Structure formats: structure tokens, C-alpha cells
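Notebook open, model loaded. I want to jot down what I look up as I go, one topic at a time.

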Amino acid sequence: VIEFIRAEDFTNQLITSLQQGKLGLGTIEDFRHKFRNVDVLLIDDIHFIAGKEQTQEEFFNTFNTLLEHTKQIIVTLDRPPREIETLEDRLRSRFQWNLIADINPPDYETRVAILTKKAENMNIEVDDDLYDVICMIAEKIKDNIRELEGAFTRIVTFSQLLGEKADKNFARRTLNDILTDGDIKVTPEKIKKVVCKHYNVKMADLESSKKQNSIAHPRQVAMYL
């Protein structure tokens, strides 16, 4: 038996069972039976229970019960246990004596695989154009998987609604708020060309040592940029 739950839901279910228990329904025992009779217990965002004394007490006893029966407990935190000030010392020590794995953002190949699998789950054929889009998104969005998948979903949805092909040009238009900055590469040469065009001066004059104001001012603007 595998039980997966968020720490917030664990807390809410505990509160509900305690409230009903006061009415004589005795559901706190049902709560304990649910979480202490599993083979694997997975709790996401366990740092949520920090500072919540009764929840920490209940989790501590659940932890010990499962440990005594050689069951497996897996929890996730958004930072190392030692950095959670309101976490009870007895829980912090138990987290630290076990294996702690730092989960880093997925690499480029994994991000591509995630989006390819998402397309498969959405029953979308990945042709060459869509694969190029997947690669472009994976290149631009590196740290947030939800944002990565959200960008892909947005492209697919807009493509279907507008009846347009999901290629790289369409993706750039659809994700201009995400991709535009990364696609524009500002170089000294581009700056000088734009400044020369704006002030109507020659590149040779801009790069010369001429000191007249009509040249010096554009040169200073280009240097500033």
C-alpha cells in the first residue's frame, strides 16, 4: 500500500478528524490507521507542518510507527531541514539521519523528454516542426517544470484554436513574453548601427576621434548603451 499526500492535506485531514472526534465519532483512529498501515508513505512539502505542534506530534508518532515496522517514508522539503527554524528538533534529527537527496533542475535532454512525453499524453503527434518547438522551449525554460509544461500547453492550445501550425515562428509569437528577451542578442555592433541610424552619422565617424558635438554626442550615447 502506497499513500501520497501533501503536508497541507495531512494537516487538514488531522484537523477534521479531531473535530469529528470531539463529536464522539472517533475518527482520529481512522486517520491514524490510514497513515500507519502503509508500506510507503510519501508526503510533499513536509516543511508546511513546521510550527504546527499537533501536526508535528502526529507525524512524529506516524514516523516512528512506520519505522518500527520497517516501512518506507519519503518526504520533500524546499530547503535543508537545519534551515527550518520552527521544525521540532526531534523531527529535524530524524530527517537528517536518513538519506537526503538534493533534486536539481532537469538537464536539457530531460526537459525535451518531459515535453515529448506530455505531447504523447495529449495524443499529439510530434513532427519535425513541433519537435523544434519542444527543443526551443527546453532551451529557454530551465528551472521551472510547471512553466515548461505550461508554455508547451499554451502553444498547443493556441495552435488548435487559431488553426495555425505549431512551428518555431508561431511559438515565438505565442510565447513572446517568455522568449523575446532571450532571442534578442545585443552586441556592440548592433548598438553602433542603431545609434548611427538614429543620429544619421557614419560608422567611421562614430569610431573616429572627431570631437564635434554632432559626432561626440552619438558616440557617448553608444558608449553608454
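**Arginine 94 to start**

I began with arginine 94, which I find in helix 4 (residues 89–97). Is it buried or exposed? Arginine 94 counts as buried, because its relative accessibility is 16% and the cut-off for buried is under 20%. I also checked how far it is from valine 40: the two are 54 residues apart in sequence, and their C-alpha atoms are 17 Å apart in space. Note to self: this is a predicted model, so every value here is computed from it.

**Aromatic rings**

Next I went through the rings. How many aromatic pairs are there? I get six aromatic pairs. One of them is phenylalanine 10 with phenylalanine 35, an edge-to-face pair with 5.0 Å from centre to centre and 65° between the planes. That pair links distant parts of the chain, since phenylalanine 10 sits in helix 1 (residues 7–22) and phenylalanine 35 in helix 2 (residues 27–36), 25 residues apart. Both phenylalanine 10 and phenylalanine 35 are buried.

Phenylalanine 10 also pairs with phenylalanine 59, again edge-to-face, at 6.3 Å centre to centre and 85° between the planes. Phenylalanine 59 belongs to helix 3 (residues 53–68) and phenylalanine 10 to helix 1, so this contact ties together parts that lie 49 residues apart in sequence. For the burial I wrote down a relative accessible area of 1% for phenylalanine 10 and 0% for phenylalanine 59. Putting the ring pairs together, I see a cluster made of Phe10, Phe31, Phe35, Phe59, Phe63 and Phe95.

**Charges over rings**

Then I looked for charged groups sitting on ring faces. Lysine 52 has its charged end over the ring of phenylalanine 48, 4.1 Å from the centre. Arginine 90 lies over the face of phenylalanine 60, and there the distance to the ring centre is 4.0 Å.

**Salt bridges**

How many salt bridges does a search of the whole structure find? It finds 16. I looked at some of them by eye.

Arginine 36 bridges to glutamate 58, with 2.6 Å between the closest N and O atoms. Arginine 36 is in helix 2 and glutamate 58 in helix 3, so the bridge ties together parts 22 residues apart in sequence. Glutamate 58 is buried, with a relative accessible area of 5%.

Aspartate 39 and lysine 71 make another salt bridge, their closest N and O atoms being 3.1 Å apart. This pair also links distant parts of the chain: aspartate 39 is in the loop between helix 2 and strand 2, lysine 71 in the loop between helix 3 and strand 3 (72–75), and they are 32 residues apart. Aspartate 39 is partly exposed at 37% relative accessible area, and lysine 71 is partly exposed too, at 32%.

I added aspartate 205 with lysine 210, where the closest N and O atoms are 2.8 Å apart. Here aspartate 205 is buried at 18% relative accessible area, whereas lysine 210 is partly exposed at 37%. I also noted a network: Glu29, Arg32, Arg36 and Glu58 are joined by salt bridges that share partners.

**Positive phi**

Which residues other than glycine did I note with a positive phi? Aspartate 45 is one of them, with phi near 60°. Aspartate 45 lies in the loop between strand 2 (40–44) and helix 3, and is partly exposed at 34% relative accessibility. Asparagine 123 also has a positive phi, about 60°. Asparagine 123 is in the loop between helix 5 (108–121) and helix 6 (128–140), and counts as exposed because its relative accessibility is 72%, with the line for exposed drawn at over 50%.

**Cysteines**

How many disulfides turn up in the whole structure? Zero. I checked two cysteines anyway: cysteine 135 is buried at 15% relative accessible area, and cysteine 196 is buried at 8%.

**A nonpolar patch**

Last stop was the surface. Phe158, Leu161 and Leu162 form a nonpolar patch there, and together they have about 340 Å² of accessible area. Phenylalanine 158 is in helix 7 (residues 145–162). At 40% relative accessibility, phenylalanine 158 goes down as partly exposed.

Note on methods. Residues numbered from 1 in each chain as written. Predicted model: local features only at pLDDT ≥ 70, side-chain atom pairs only at ≥ 80, totals over all residues. Heavy atoms only, no water. Patch = residues over 30% accessible without salt bridge, like charges linked within 9 Å, V, L, I, M, F, W, Y side chains within 5 Å. Areas by Shrake-Rupley, 256 points an atom, 1.4 Å probe, with all protein chains shown as cover. Salt bridge = Lys/Arg side-chain N within 4 Å of Asp/Glu carboxyl O. Helix = DSSP H or I, 4+ residues; strand = E, 2+ residues; numbered from the N terminus. Buried < 20%, exposed > 50% of the residue type's maximum accessible area, 1.4 Å probe, protein only. Disulfide = S-S within 2.5 Å. Phe/Tyr/Trp six-rings, centres within 6.5 Å; stacked < 30°, edge-to-face > 60°. Lys NZ or Arg CZ within 6 Å of the ring centre and 35° of its normal.
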